[in-house]
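Colleague: I am new to this structure and would be grateful for a close look at one part of it. Please set that part in its wider surroundings as well.

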Amino acid sequence: MTTETATTPGSLPPKRESAFVLEAKGVTKTYTRGGFFKRTEEVPVLHGVDLAIRAGECVGLIGRSGSGKSTLGRILLGLEAPCGGDAYILGRRTTDEKGRVRPDREQRRAVQVVFQDAVGSVNPRLTAGDIIAEPLRNFERLSGDALSERVAELLVHVGLCPEDAAKHPACFSGGQLQRISIARALAPRPRCIILDEALSSLDMLVQARILDLLDRLRREDGVAYLFVTHDLRLVKLFCDRSVTMERGRLEPFAIEDLARREAIRALPGDLRELASAMLPAMPI
Ligand SMILES: Nc1ncnc2c1ncn2[C@@H]1O[C@H](COP(=O)(O)OP(=O)(O)OP(=O)(O)O)[C@@H](O)[C@H]1O
């Protein structure tokens with residue numbers, strides 16, 4: 001779904017601006033494994049996935065390990081090409097006419113990601129300040145005092161202190177490093193953030209603080225989220241709607257149904273087990 005934006009005489013032709021920040025249309029993905037001395041094997045991972053996320057919307061993506069959630073996330077980020085169908089950021093395809101992933105600068109800025117593995121997703125040689133400053137230099141062209149002030153502000157936003165900017169990753173706990181990754185994702189003022197199990201390593205108090213911050217960004221700036229998680233409580237607390245990934249297929253999932261045991265019994269196998277496992281801890 002697209003809408004034309006207004007233009008002034010003599011300006012460039014209008015860009016087609018989408019109502020959706022992120023969109024997957026009929027996305028399929030198959031990996032090829034093996035080769036050399038092993039027989040090659042085709043592994044179908046995604047089967048015709050449709051998903052569209054509007055500005056300010058938070059969509060929960062629940063599913064068993066290995067169901068294809070991260071693969072979909074990488075395709076939506078413009079890091080990987082789908083084998084079939086298309087992925088769109090800001091209404092524009094992430095791939096060129098030859099099917100190669102080519103997100104432009106605006107698209108790369110618009111969608112940021114926070115992975116579960118905070119330690120593996122930061123460069124150990126950089127300071128926390130450098131890690132957060134990188135997208136600010138690239139996308140916001142900040143430097144000098146303005147850059148240091150914005151880095152300090154982001155550190156405070158995620159519950160760390162400005163002095164932490166000078167420290168290296170080895171000085172932080174896993175949860176603190178995760179907060180640095182979140183600050184880095186927020187830095188370029190994205191339109192959508194993919195949170196891939198991003199809050200799992202945080203204690204409940206820090207989780208609440210980060211959720212509060214993300215919720216404020218959603219309300220004030222219309223930031224959207226794709227919230228990939230196994231934690232149904234977080235989905236219930238934070239998401240507008242949720243979908244499940246079952247062996248590479250997406251289905252809508254009404255989180256309110258978790259309050260009804262008969263609805264849980266009717267869930268597909270994988271999800272029924274997940275819901276039952278979560279249930280004792282669910283505040284329903
Ligand atoms: N680059 C790759 N090459 C081959 N197979 C891959 C590749 N990436 C993912 N897969 C396979 O695709 C399937 C889906 O993986 P994916 O990481 O998307 O699942 P997931 O739902 O995110 O799991 P988790 O919750 O454990 O992160 C798995 O069987 C995985 O082994």
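What percentage of the 284 residues of the chain count as buried? And, as the part that I should like to see closely, which residues do ring pairs link into a cluster?

Modeller: The model is a predicted one, in which local features need pLDDT of at least 70 and side-chain atom pairs count only at pLDDT 80 or more, while totals for chains, interfaces and linings use all residues. Residues are numbered from 1 along each chain as its sequence is written, and side-chain values use heavy atoms, leaving out hydrogens and water.

To take the first question, 48% of the 284 residues of the chain count as buried (under 20% relative accessible area, against over 50% for exposed and in between for partly exposed, with a 1.4 Å probe and protein chains only). The chain has 9 helices and 12 strands (DSSP runs numbered from the N terminus, H or I of at least four residues for helices and E of at least two for strands).

The cluster that you ask about consists of Tyr225, Phe227 and Phe238, linked by ring pairs. In the whole structure, a search finds 2 aromatic pairs (rings of Phe, Tyr and Trp, the last by its six-membered ring, with centres within 6.5 Å; planes under 30 degrees apart are stacked, over 60 edge-to-face, the rest tilted). One of them joins tyrosine 225 to phenylalanine 238 in a tilted arrangement, with 5.6 Å from centre to centre and 50° between the planes. Tyrosine 225 belongs to strand S10 (residues 224-229) and phenylalanine 238 to helix H7 (residues 232-238), so this pair ties together parts that are 13 residues apart in sequence. Tyrosine 225 has a relative accessibility of 0% and therefore counts as buried. Phenylalanine 238, at 5%, counts as buried too.

Phenylalanine 238 also forms an aromatic pair with phenylalanine 227, again tilted, at 5.4 Å centre to centre and 50° between the planes. This pair links distant parts of the chain, with phenylalanine 227 in strand S10 and phenylalanine 238 in helix H7, 11 residues apart. Phenylalanine 227, like phenylalanine 238, is buried.

A charged side chain joins the picture. Arginine 218 lies over the face of phenylalanine 238, 4.7 Å from the ring centre (a charge sits over a ring if NZ of Lys or CZ of Arg is within 6 Å of the ring centre and within 35 degrees of the ring normal). Phenylalanine 238 is thus paired with tyrosine 225, paired with phenylalanine 227 and overlain by arginine 218.

The surroundings can be read in the same way. Helix H1 (residues 69-77) has 7 of its 9 residues buried, so the rest of the structure largely encloses it. Those buried residues are Lys69, Thr71, Leu72, Gly73, Ile75, Leu76 and Leu77. Just after H1 comes glycine 78, with a positive phi of about 80°.

Two residues of H1, Thr71 and Ile75, are among those that lysine 29 touches (contact means heavy atoms within 4.5 Å). Lysine 29 lies in strand S3 (residues 20-35) and counts as buried, at 10% relative accessibility. Residues up to four places away in sequence aside, lysine 29 also touches Val43, Pro44, Val45, Leu46, Glu80, Ala81, Pro82 and Cys83.

Leucine 136 is a residue of helix H3, and is buried, with a relative accessible area of 0%. Leaving aside neighbours within four places in sequence, leucine 136 is in contact with Arg141, Leu142, Leu147, Arg150, Val151, Leu154 and Ala187. By contrast, glutamate 57 is 79 residues from leucine 136 in sequence and 25 Å from it in space, C-alpha to C-alpha.

Finally, two loops deserve attention for their backbone. Most residues other than glycine have a negative phi. Glutamate 197, although not a glycine, has a positive phi of about 55°; glutamate 197 is found in the loop between strand S9 (192-196) and helix H6 (204-221) and is buried, with a relative accessible area of 9%. Arginine 247, likewise not a glycine, has a positive phi of about 45°. The loop that holds arginine 247 runs between strand S11 (241-246) and strand S12 (249-253), and arginine 247 is exposed, with a relative accessible area of 60%.
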